[in-house]
Amino acid sequence: YPETCKEFKRLQQEQYETFCRKQHDYGQHNITLGMDLSDPDNINLSISAIIIRISDKVQRLFNLVLRRKTKAQNEPIEDAFKDMAVYGVIALIVSNGKWGK
């Protein structure tokens with residue numbers, strides 16, 4: 001499935017570039033909540049906040065795609081899927097102790 005793989009790589013690159021731009025704008029503390037991630041409890045809290053952000057995106061998709069089937073007003077539905085993918089990667093980076101390093 002070469003076209004599928006090529007599209008996967010293209011989307012990953014696009015998400016990486018968006019991630020870099022947003023981290024430049026927001027800084028690392030939007031994920032750490034201003035806490036020191038050397039403490040396992042703070043890591044857990046940070047990941048919990050990421051899960052809430054993913055949940056918000058899932059609820060948005062349920063609302064726009066499954067319930068109303070209307071066009072999004074503020075951003076394309078595709079952006080919610082992209083955000084969820086990036087938040088998943090961010091959660092792994094935090095879990096691996098590499099966030100902000």
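**Figure 1. The side chains of R10 and E14 are joined by a salt bridge in this predicted model.** The N to O distance of the R10–E14 pair is 3.1 Å. Both residues belong to helix α1, where R10 and E14 stand 4 residues apart, about one turn of the helix. E14 is partly exposed, with a relative accessible area of 25%. R10 is likewise assigned to the partly exposed class, and its relative accessible area is 41%.

**Figure 2. R10 also forms a salt bridge with E7.** In this pair, the closest N and O atoms are 2.7 Å apart. E7 and R10 are 3 residues apart in helix α1, which spans residues 2-26, and so about one helical turn separates them. The relative accessible area of E7 is 34%, a value that makes E7 partly exposed.

**Figure 3. A salt bridge connects K82 with E14.** The side chains of K82 and E14 meet with an N to O distance of 2.3 Å. K82 is located in helix α4 (residues 77-95) and E14 in helix α1; the pair therefore ties together parts that are 68 residues apart in sequence. K82 is partly exposed, its relative accessible area being 25%.

**Figure 4. Salt bridges link E7, R10, E14 and K82 in a network.** Within this network, R10 pairs with E7 and with E14, while E14 also pairs with K82. The structure as a whole holds 5 salt bridges.

**Figure 5. Q15 of helix α1 is in contact with residues that are distant in sequence, among them K82.** Is Q15 buried or exposed? Its relative accessibility is 18%, and because buried means under 20%, Q15 counts as buried. When neighbours within four places in sequence are left aside, the contacts of Q15 are K82, A85 and V86. K82 therefore appears in two of these views, since the side chain of K82 also meets that of E14 in a salt bridge.

**Figure 6. F62, V65 and L66 make a nonpolar surface patch.** The area of this patch is about 250 Å². F62 is part of helix α3, which covers residues 40-68. With a relative accessibility of 35%, F62 counts as partly exposed.

**Figure 7. The largest pocket has a volume of about 390 Å³.** Its lining consists of 18 residues. Those that lie nearest the centre of the pocket are T18, K22, D83, V86 and Y87. Which elements give two or more residues to the lining? They are α1, α2 (29-32), α3 and α4. Helix α1 gives the most to the lining of the largest pocket, with 7 residues. V86, named here among the residues nearest the pocket centre, is also one of the contacts of Q15.

Key
Residues are numbered from 1 along each chain as its sequence is written. This is a predicted model: local features need pLDDT of at least 70, side-chain atom pairs count only at pLDDT 80 or more; totals for chains, interfaces and linings use all residues. Side-chain values use heavy atoms; hydrogens and water are left out. A salt bridge is a side-chain nitrogen of Lys or Arg within 4 Å of a carboxyl oxygen of Asp or Glu. Buried means under 20% relative accessible area, exposed over 50%, partly exposed in between (1.4 Å probe, protein chains only). Contact means heavy atoms within 4.5 Å. Patches are made of residues with over 30% relative accessible area and no salt bridge: like charges are joined within 9 Å, nonpolar side chains (Val, Leu, Ile, Met, Phe, Trp, Tyr) within 5 Å. Accessible areas come from the Shrake-Rupley method with a 1.4 Å probe; for residues, only the protein chains shown count as cover. On a 1 Å grid over the protein atoms alone, a cavity is a set of points where a 1.4 Å probe fits but cannot get out, and a pocket is an open set with protein on both sides within 12 Å along at least five of seven lines; lining residues have an atom within 4 Å of a point. Grid points are joined across faces, edges and corners, and a volume is the space filled by probe spheres set on the points.
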